[in-house]
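Reader: I'm new to reading protein models and I'd like a close look at one part: the places where a charge sits over a ring. Could you start there and then walk me outward to the rest?

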Amino acid sequence: MQFYTYDPADFYDELFVAKGQPRPDATLLIERINGLPPEELQRRQQVAQQALLKLGATFNVYGDNRGTERIFPFDVIPRVVSAQEWTEMEKGLKQRIYALNCFIADIYDSQKIVTDGVIPLELIASAKGFLKPCIGLKPPGGIWCHITGTDLVRDKDGQWYVLEDNLRCPSGVSYVLENRRVMKSSFPKLFETIAIRPVDDYPSHLLETLLNLAPANLADPTVVVLTPGIYNSAYFEHSFLAQQMGVQLVEGRDLVVTDGYLQMRTTKGLQRVDVIYRRIDDDFIDPLVFRSDSTLGIPGLTEVYRNRRVAIANALGTGVADDKVIYAYVPEMIRYYLKEDPILQNVPTYLCWEEKQLNHVLANLDKLVVKCANESGGYGMLVGPHATQSQREEFAQLIKANPRNYIAQPTLCLSRVPTIIGDRFEGCHVDLRPYILYGKDIYVHPGGLTRVALKKGSLVVNSSQGGGSKDTWVLAN
């Protein structure tokens with residue numbers, strides 16, 4: 001397989017400017033792949049997929065009767081990001097996360113952004129992620145969003161846009177690390193030749209972020225990763241990160257509140273826990289405060305947290321910033337809290353709770369992408385140009401019944417990357433999820449998870465909807 005016949009057509013392609021013309025930063029990669037013997041690339045693709053299978057890099061799909069565990073499809077043609085482009089993206093992400101943290105801290109305290117008329121109170125109060133029990137909470141260092149995965153897309157004009165923010169329990173970083181491990185064994189000479197920024201130090205940065213939350217007087221704080229259990233879609237990642245950081249992976253049943261502290265059951269008795277990296281949604285984490293029917297959480301945890309005797313990452317209540325209606329106001333948050341213009345732009349967004357914008361959305365469902373405010377994984381979404389008339393009519397009724405719960409955006413022409421489909425290359429649409437850690441400073445991990453829509457013509461990159469992933473190469477200066 002070679003690139004000589006690959007045509008990026010009228011799309012922004014991450015590796016090619018035009019047919020037969022690689023982008024400068026991708027030239028060496030393209031030359032090396034073109035120089036491989038016939039069938040060699042497909043062989044390496046198969047070996048890489050088998051290696052991921054042996055590593056156990058799987059995810060679960062809820063409600064799928066074909067089995068619970070699936071391998072996350074992987075393509076060996078990487079995405080390449082120049083050093084200059086990454087530097088600008090990094091600045092934009094740091095700016096955005098800082099503003100989001102200011103916003104969360106504000107709305108659970110004095111709500112100045114509301115009283116100053118920047119965001120309507122009704123939108124905050126009606127957000128599913130806004131938790132009244134978190135009002136007045138003071139997390140360590142005033143940091144709420146310790147781990148964030150921000151989804152970025154590139155449009156036909158080559159400009160980056162923020163598609164959404166993921167602050168509750170952002171997943172996928174384990175695939176970033178495992179994809180790189182497999183790529184380095186598949187193309188070792190390329191990694192010797194091209195200056196690619198490493199990604200394998202993420203677990204140490206994550207652990208440092210978590211330890212930063214522990215009280216300064218503790219010589220050896222105990223950190224745990226809290227998982228809902230083996231049936232969670234991201235259980236592989238939970239166990240992987242715990243193992244990489246050298247900390248315990250626990251479920252709610254392994255923890256108990258006693259004597260005013262959170263304790264972990266061990267073979268030697270109870271051991272105090274100081275920091276939780278939680279991969280459980282707020283609703284399930286404490287049945288005494290949130291969902292009373294939850295068997296996944298720890299009764300009394302919220303009170304211990306409120307008394308600052310345990311730290312939780314991400315802080316309880318951060319999910320309010322995942323709301324796609326709140327997302328539309330992030331540029332205003334940046335201007336309000338930082339007195340700066342946004343470096344990274346939002347995708348233009350219509351808010352269905354406003355009557356004029358609602359009427360525009362209903363009249364243009366065949367041209368827009370409609371999203372539910374609190375869904376993820378590609379669910380609760382209508383891609384208007386690819387939907388049937390009956391699907392659009394059904395969504396119109398859902399929007400009319402609950403306008404607050406929906407936003408709409410123009411259908412972007414997402415950038416593409418050459419991808420191995422059968423015995424040829426096809427341009428497949430991609431997004432990018434960089435991971436941002438907020439500890440003593442804000443750290444943006446170089447690269448991130450490039451998700452690829454493997455269904456022909458599809459714009460949906462989510463693994464649960466048939467998407468796969470690629471390695472992301474951020475070049476060093």
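Author: Start with Arg309, which lies over the face of Tyr261, at 4.6 Å from the ring centre. Keep in mind as you look that this is a predicted model. A second case of this kind involves Lys339: its charged end sits over the ring of Tyr336, 5.4 Å from the centre of that ring.

Now follow each partner of that Arg309 and Tyr261 pair outward. Take the tyrosine side: strand β11 covers residues 261-266, and β11 supplies at least two residues of the lining of the second largest pocket. Helix α8 (202-211) and strands β8 (223-226) and β9 (248-250) each do likewise. This pocket has a volume of about 250 Å³. Its lining is made of 16 residues, and the ones nearest the centre are Thr222, Val223, Val247, Gln248 and Met264. Sort the lining by class and you get nine nonpolar, five polar and two charged residues.

Before β9 in the chain comes helix α9, residues 235-245, and it's worth a stop. Its buried residues are Phe236, Glu237, His238, Phe240, Leu241, Ala242 and Met245. Here's a handy bit of background: an α-helix has 3.6 residues a turn, so residues three or four places apart point the same way. Just after α9, look for Gly246, which takes a positive phi of about 75°.

Next, the arginine side. Look at Arg308 and Val310, which are among the residues that line the largest cavity. Tyr305 and Arg306 line this cavity too, and from another stretch of the chain come Leu137, Lys138, Pro139 and Pro140. Rolling a probe the size of a water molecule over the atoms shows where empty space is left. The largest cavity has a volume of about 40 Å³, and the count of cavities of 30 Å³ or more comes to one. Its lining divides into five nonpolar, three charged and no polar residues.

Since you've been looking at rings, try rings that pair with each other. The structure holds twelve aromatic pairs. One of them is Phe3 with Tyr6, an edge-to-face pair with 6.4 Å centre to centre and 80° between the planes. With a cut-off of under 20% relative accessible area, Phe3 counts as buried because its value is 2%. Tyr6 is buried as well, at 4%. Ring pairs also bring in Phe16 and Phe425, so to speak, linking them with Phe3 and Tyr6 into a cluster.

Two more buried spots round off the tour. Leu382 lies in strand β18, residues 381-383, and is buried, with a relative accessible area of 4%. Leaving out residues up to four places away in sequence, Leu382 touches Leu365, Leu368, Val369, Val370, Ala387, Gln391, Arg392 and Phe395. Of these, Arg392 is ten residues from Leu382 in sequence, with the two C-alpha atoms 7.5 Å apart in space.

The other spot is Val114, in helix α4 (residues 112-115). Its relative accessible area is 14%, so Val114 falls under the 20% cut-off and counts as buried. Again leaving out residues up to four places away, Val114 touches Ile119, Leu121 and Ile124. The C-alpha atoms of Val114 and Ile124 are separated by 8.7 Å, and these residues are ten apart along the chain.

Definitions and conventions:
Residues are numbered from 1 along each chain as its sequence is written. This is a predicted model: local features need pLDDT of at least 70, side-chain atom pairs count only at pLDDT 80 or more; totals for chains, interfaces and linings use all residues. Side-chain values use heavy atoms; hydrogens and water are left out. On a 1 Å grid over the protein atoms alone, a cavity is a set of points where a 1.4 Å probe fits but cannot get out, and a pocket is an open set with protein on both sides within 12 Å along at least five of seven lines; lining residues have an atom within 4 Å of a point. Grid points are joined across faces, edges and corners, and a volume is the space filled by probe spheres set on the points. Ala, Val, Leu, Ile, Met, Phe, Trp, Tyr, Cys and Pro count as nonpolar, Asp, Glu, Lys and Arg as charged, and the others, Gly among them, as polar. Helices (H or I, at least four residues) and strands (E, at least two) are DSSP runs, numbered from the N terminus. Buried means under 20% relative accessible area, exposed over 50%, partly exposed in between (1.4 Å probe, protein chains only). Contact means heavy atoms within 4.5 Å. Rings of Phe, Tyr and Trp (its six-membered ring) pair if their centres lie within 6.5 Å; planes under 30 degrees apart count as stacked, over 60 as edge-to-face and the rest as tilted. A charge sits over a ring if NZ of Lys or CZ of Arg is within 6 Å of the ring centre and within 35 degrees of the ring normal.
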